[in-house]
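Please work through the exercises below with the structure in view. Each task is followed by a solution in steps.

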Amino acid sequence: MYQTLLIRRYLTSRIMPLLAALAVLLCTAMVLIVWSVMGGFLNMLLASGRTMMGDVLISWPVVGMAHYQELIDDLEADPLVLAATPIVESPGLLATPDGSIAMVQVIGIDGRGYDRVTGYSDAVWWRNLEKPMPRDTDGDDPRLHADFTGVFEDALRMSGRDPRTGEDAPAMVLGVEVSQLNQRVPGGWYEPRYLQLRTDSATLSVLPISARGVAIDVQARSFPIVNQFRTGIYEVDARTVLVRLDALQEMLGMAAATRVRVPGSADADPLGLGVTLDERGEPVFAQPEIVGASPARVTTVLVRAQDGVSAQRLRDRTAEIYRDFAQRHGRAVPSPDSIPILTWEQRPSIAAFIGAVKKETGLVLFIFGFISMTSVFLVLAIFWSMVSEKTKDIGVLRAVGAGRAGVAWLYLGYGLAIGVVGATLGGLLALVVVHNINPIHDWMGSTLGLVVWDPSVYYFFEIPNRVEPSKAIMVMCAGVLFSVAGALLPAIKAAHMDPVKALRFE
Amino acid sequence: MSDRPATTPTETGLHAAQRRTDADAPMLRAIDVRKTYRLGRVNVPVLRGASMDVQRGEWVAILGASGSGKSTLLHLLGGLDRPDAPPGGGEIRFEGTGLRDMSRRALDQYRRRRVGFIFQFYHLLPELNVMENTLLSAMAAHSMGAYAANRGGLRARAESLLGAFGLAERLRHRPAELSGGERQRVAIARALMNEPDVLLADEPTGNLDRKTGDAILDRVAALRGETGQTIVMVTHDEEVARRADRVVRLEDGVVVRG
């Protein structure tokens with residue numbers, strides 16, 4: 001009983017324990033902030049892996065796979081599948097209205113189908129804000145003033161008015177960080193710099209590759225820019241260009257085509273050019289003979305799972321559906337044994353990166369956790385000094401009948417109380433800091449010129465700002481445990497103090 | 001104390017053993033007690049075979065010069081310390097039971113219930129107010145549940161004791177806000193809180209002026225008159241010692257008269 005009273009009094013009447021609580025507070029806050037930001041970064045990476053990708057990919061790069069629409073129909077008939085959509089991916093060269101030329105990743109999409117699988121419409125940037133946030137209304141976000149209904153619709157259609165011909169044509173949607181068309185302002189929105197939607201166009205060049213892996217002719221084409229998109233992942237927003245699927249298929253030689261054969265004998269047309277000479281020696285051009293059709297191809301089919309279906313389960317089911325599909329088409333489609341069917345996490349580029357970040361997060365946590373153990377020694381030093389200072393009080397307690405265990409509990413309980421106070425306040429501090437980490441960072445940038453979070457390095461424009469309750473509880477419990485551990489030796493020292501010597505202590 | 005109940009909720013095996021002892025035996029005995037302290041490599045004998053008896057209801061003064069071993073003897077009587085190891089260390093007996101035979105827990109219980117200490121320098125806890133300092137010994141003697149159950153009664157007793165010592169208006173004051181005499185009165189109230197069988201006072205007026213010291217001794221004497229409290233008081237002051245029923249004189253660790 002006396003322990004409770006003394007702990008309360010010691011807590012409120014002395015500076016030293018407040019220093020111990022401060023040490024626990026700082027360590028708790030430090031670990032929780034680091035874990036929240038790093039863990040949040042990892043979570044954002046995991047979430048971003050799905051951006052523009054869906055849950056499962058069936059991918060046959062470069063050459064592409066035929067009969068994809070039939071495959072999509074098969075997939076969408078399955079109850080595990082919400083939607084599937086074809087895309088074509090290719091590297092390309094982009095010449096933008098500001099005069100710059102950049103290497104980009106070109107993705108040919110069917111706007112509405114792509115939206116069903118990836119939620120693409122949420123990433124379309126130039127649109128009217130449905131629920132403007134205070135920072136939007138406080139500032140001067142251009143999206144507050146103009147009507148963007150048309151360009152938003154164009155982004156879903158992937159079509160727009162060609163500024164040269166005035167006719168509706170396949171269009172382009174650029175990542176918002178591609179080139180320097182906009183200026184990102186600290187408030188978080190973009191001021192168009194060189195860009196006029198629906199008026200400007202950009203020229204895209206791609207290199208078709210034959211089935212044998214040989215480059216054919218470079219194909220260049222101008223597209224009207226109808227909108228931009230922003231996923232929040234710098235790498236995607238700065239390097240990706242979306243164009244209409246059929247246009248990119250045409251440029252890459254993946255569109256549906258007719259297969260022809262030029263008739264004629266080897267004797268009459270030894271060069272196989274379809275040209276023979278008539279009796280007068282004049283060239284006669286043979287009419288090509290249609291012998292079949294080459295179906296259109298895409299490099300990837302993206303699949304999205306129904307709610308509650310895991311990516312891995314969907315992958316397994318997709319593999320089964322593809323096997324049936326491949327059996328029907330024989331050698332016309334890639335073999336089910338060789339085509340990669342992966343969850344978004346298994347995509348090699350993502351898996352390697354996420355694995356590295358996971359390890360880095362673990363390492364950083366270990367280091368900071370280890371550093372936080374200094375709080376054990378801080379509490380120990382402070383308690384050791386307090387036990388020395390309170391030697392006479394310990395003698396008095398023993399004289400009135402307090403046992404060794406009771407005295408030990410007094411200091412362990414005191415350590416516990418300091419741990420609880422420090423860890424709780426540390427948790428609250430971390431919550432406030434993490435929740436406001438982006439405004440704090442903006443303020444540091446504008447006032448002190450200190451910019452730690454560079455989107456080009458960290459992939460994301462915003463620092464993760466969520467504290468997971470489970471992490472907070474774990475870190476706070478560790479803070480309390482460290483404090484009790486720090487109090488253990490002083491508590492043992494106090495318990496074993498000779499009461500007579502303690503009473504005579506000066 | 002005459003009105004002490006025969007048993008208490010915290011009664012231990014010690015009580016049962018005590019009830020078996022001869023009712024005529026001295027309440028507290030020191031039998032050829034020796035105590036040696038070690039200072040560095042040197043053994044310093046403080047008590048060299050001190051013996052004394054204290055009867056129930058008696059006020060005994062242990063008189064001696066500084067360094068004669070009187071405080072050490074008091075600490076041994078109160079179970080705060082133990083005599084030198086046997087054989088030859090002597091023995092302290094309370095109601096016939098040797099303190100050396102008690103377990104550590106039983107000895108804690110002995111200090112909580114059977115004896116109350118008063119020190120020359122009061123030894124109040126500076127963070128606690130007058131009421132809390134007085135209740136400290138009761139808190140040590142009760143578990144949290146038992147204390148909570150008896151809280152009202154214990155507070156009433158503390159208030160009664162403090163009122164008897166003229167401190168009714170100072171319950172919320174911290175020791176730093178009290179005079180020396182007031183502090184010592186709080187210390188006495190704390191020592192009496194658990195109704196101990198023996199009050200062990202170590203130079204209780206040694207740090208006070210004569211007038212204040214006399215007033216405190218007057219109050220202790222009056223209390224003893226009312227309750228028959230057994231008191232063992234250490235002092236180097238002949239005049240203070242004369243207040244006692246009997247004086248035990250200690251010289252160089254040996255009782256020379258008593």
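The exercises that follow concern a predicted model.

**Exercise 1. Overall make-up of chain B**

Determine how many helices and strands chain B has, and what share of its residues is buried.

*Solution.*
Step 1. The secondary structure of chain B consists of eight helices and 10 strands.
Step 2. Of the 258 residues in chain B, 47% are buried.
Step 3. Taking contacts in chain B between residues at least 6 apart in sequence, 74% join residues at least 24 apart.

**Exercise 2. The hairpin and its neighbour**

Establish in which sense β1(B) pairs with β2(B) and with β4(B).

*Solution.*
Step 1. Strand β1(B), residues 28-39, and strand β2(B), residues 42-54, run antiparallel and are joined by 10 bridges. One bridge partner pair is L28(B) with V54(B) in β2(B).
Step 2. The hairpin formed by β1(B) and β2(B) has two residues between the strands, and G40(B) takes a positive phi near 65° in this hairpin.
Step 3. Strand β1(B) also pairs with strand β4(B), residues 91-94, in the antiparallel sense over four bridges. Here I31(B) stands opposite E91(B) of β4(B).

**Exercise 3. The six-stranded sheet**

Find the order of the strands in the open sheet of six strands in chain B, and identify its edge strands.

*Solution.*
Step 1. The order is β6-β7-β8-β3-β9-β10 in chain B, and the pairing is mixed.
Step 2. The edge strands, each pairing on one side only, are β6(B), residues 115-118, and β10(B), residues 254-257.
Step 3. On average, neighbouring strands of this sheet are turned by 25° against each other, direction ignored.
Step 4. Strand β6(B) and strand β7(B), residues 198-202, run parallel and are joined by four bridges. The bridge partner of V115(B) in β7(B) is V198(B).
Step 5. Helix α2(B), residues 70-77, packs on the sheet and touches β3(B), β7(B), β8(B) and β9(B). The direction of α2(B) makes about 155° with that of β8(B).

**Exercise 4. The nonpolar cores**

Locate the largest nonpolar core and state which helix gives the largest share of it.

*Solution.*
Step 1. The largest nonpolar core has 134 residues. V379(A), Y411(A), I62(B), L73(B) and V232(B) have the most contacts inside this core.
Step 2. Its largest share, 15 residues, comes from helix α2(A), residues 16-50.
Step 3. Another core, of 75 residues, lies apart from it and includes V151(A), V178(A), F229(A) and L245(A).
Step 4. As an example from the largest core, consider V232(B). Leaving aside neighbours within four places in sequence, V232(B) is in contact with V54(B), V60(B), I62(B), L74(B), L77(B), V198(B) and L200(B).
Step 5. A general tendency may be recalled: in soluble globular proteins, nonpolar side chains tend to be buried together.

**Exercise 5. The contact between the chains**

Describe the side of chain B that touches chain A by its elements and residue classes.

*Solution.*
Step 1. In the contact, 22 residues of chain B meet 20 residues of chain A.
Step 2. Helices α3(B), α4(B) and α5(B) each supply at least two residues of the side of chain B that touches chain A. Helix α4(B) gives the most, with six residues.
Step 3. By class, this side has 11 nonpolar, four polar and seven charged residues.

**Exercise 6. An enclosed helix**

Explain why helix α13(A) counts as largely enclosed by the rest of the structure.

*Solution.*
Step 1. Helix α13(A) spans residues 391-399, and seven of these nine residues are buried, so the helix is largely enclosed by the rest of the structure.
Step 2. The buried residues in α13(A) are D393(A), I394(A), G395(A), V396(A), L397(A), R398(A) and A399(A).
Step 3. They pack against α14(A), α17(A) and α18(A), together with α3(B), β6(B) and α4(B).
Step 4. Just after α13(A), G401(A) takes a positive phi of about 110°.

**Exercise 7. Backbone features in loops**

Decide whether V62(A) and H123(B) are buried or partly exposed, and find the cis peptide bond at P87(B).

*Solution.*
Step 1. V62(A) has a positive phi near 70° and is found in the loop between β1(A) and β2(A). V62(A) is partly exposed, with 13 other C-beta atoms within 10 Å.
Step 2. H123(B) has a positive phi near 50° and lies in the loop between β6(B) and α4(B). H123(B) counts as buried because 22 C-beta neighbours lie inside 10 Å, and the cut-off for a buried residue is 20 or more.
Step 3. The cis peptide bond joins P86(B) and P87(B), with omega about -5°. P87(B) lies in the loop between α2(B) and β4(B).

Definitions and conventions
Residues are numbered from 1 along each chain as its sequence is written. Chains are lettered from A and ligands numbered from 1 in the order in which they are written. This is a predicted model: local features need pLDDT of at least 70, side-chain atom pairs count only at pLDDT 80 or more; totals for chains, interfaces and linings use all residues. A nonpolar core is a set of buried Ala, Val, Leu, Ile, Met, Phe, Trp, Tyr and Cys residues joined through C-beta atoms within 7 Å. A residue is buried if 20 or more other C-beta atoms lie within 10 Å of its own, exposed if 12 or fewer, and partly exposed in between; C-beta atoms are placed from the backbone. Two residues are in contact if their C-beta atoms, placed from the backbone, lie within 7 Å. Ala, Val, Leu, Ile, Met, Phe, Trp, Tyr, Cys and Pro count as nonpolar, Asp, Glu, Lys and Arg as charged, and the others, Gly among them, as polar. Two strands pair if DSSP finds at least two bridges between them. Axes are lines fitted to C-alpha atoms, for helices over the stretch in contact, and angles run from 0 to 180 degrees between N-to-C directions.
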